[in-house]
Amino acid sequence: MRLKVLDSHTGGEPTRVVYEGGPDLGAGDLATQASVFRKECEDFRRSVCNEPRGHDAMVGALITPSPRPECVCGVIFFNNVAALNMCIHGTIGLVVSLAHLGRIGPGVHAIDTPVGVVHAELEEGGRVTVANVPSYRYRSGVEVDVPGWGRVMGDISWGGNWFFLIEGFGPTVSFENLAALTDFTWAVKAALAAAGITGEGGMEIDHVESFGPPSDPTKADSRNFVMCPGRAYDRSPCGTGTSAKLAALHAAGKLAPGELWRQAGILDTVFEGRIEVLPDGKVLPRVSGHAWVTGESTYHFDPADPFRFGIPSATAI
Ligand code: PYC
């Protein structure tokens, strides 16, 4: 077994695209391929994202064939503990990586994911805009008791992943508070699960997003801290999290169709977002950002190497 991967980062958050040697997930739709991945590809997932080749913040992107002829490819995103439903920083990284490999050029490209087809536009200057899956605020003003932190209120919103959106609770959203923000949002995630608070249809709320004012209001409208399912924070503003926020802002009457929202992440990198309102009342978010290719590798799997399939993340133990 040999894998070829291309590394990039989008606003600071890494994406590792596996473009050769990855597992065959069958010819099903992407949701079916994702369930095969979840059942059969734990060694592969760990090999790519976890130490010694990766680290807890790494997000993998396995390119797979899509049964939809209009799509340039399918993709399964995954991290240090599991497969993800969707990932926008990863889609931006994927598009820039496919362009680096000479597989696509500027223009709009349909990409198949386990939660639906997204359309990504690569501009000449390298900026990528992702038209995400339909997004919506599911519940607002949800209260949860968080041991050690007290009662916290937030909105539950879908942006391709399930998010609990918090403002005005917990540590100030700033880089100096990374450790406290990690403890707080992880405790919120556990409290939501303990209280049986879920997304629609009982789906787990696997991301928690805390908001505060931007460090520079001329460059962003808000700054966030996003806790991902493997207890690593998103270094970027999180595109699915930005989509969930856009949906919640619109539901609260605070964002009109076409209006610009500039979401900064904890490193002060910015994603720009706008919405279109769909006939069923959900919104179609468009999220723009940049990615940079940082490296290219071939992975080897020596049968004598006890850690050729990675080391489990401490979060997963
Ligand atoms: O950008 O959507 C995103 C994302 C999800 C998890 C990490 N990044």
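**View 1. The ligand and its polar partners.** In this predicted model, a polar backbone atom of His 89 lies 2.8 Å from an oxygen atom of the ligand. A backbone N or O atom of Gly 239 is also 2.8 Å from a ligand oxygen, and so is an N or O atom in the side chain of Thr 240. The protein covers 99% of the 250 Å² of accessible area (Shrake-Rupley method, 1.4 Å probe) that the ligand has on its own.

**View 2. The shell around the ligand.** Look for the residues surrounding the ligand (a heavy atom within 4 Å), among them Glu 13, Cys 87, His 207 and Asp 234. Helix H3 (88–100) and H5 each supply at least two residues of this shell; helices are DSSP runs of H or I with at least four residues, strands E runs with at least two.

**View 3. The largest pocket.** About 310 Å³ of space lies here. A pocket is an open set of points on a 1 Å grid over the protein atoms alone, where a 1.4 Å probe fits, with protein on both sides within 12 Å along at least five of seven lines; lining residues have an atom within 4 Å of a point. Of the 20 lining residues, the closest to the centre are Asp 155, Leu 165, Glu 167, Lys 245 and Lys 254.

**View 4. The second largest pocket.** Its volume, the space filled by probe spheres set on the grid points, is about 170 Å³. Its lining includes Arg 38, Trp 162 and Pro 229.

Local features need pLDDT of at least 70, and side-chain atom pairs 80 or more, while totals for chains, interfaces and linings use all residues. Residues are numbered from 1 along each chain, and side-chain values use heavy atoms, without hydrogens and water.

Technical notes. A polar contact is a pair of N or O atoms within 3.5 Å; within protein, one must be able to donate a hydrogen and the other to accept it, and residues adjacent in sequence count only if both atoms are side-chain atoms.
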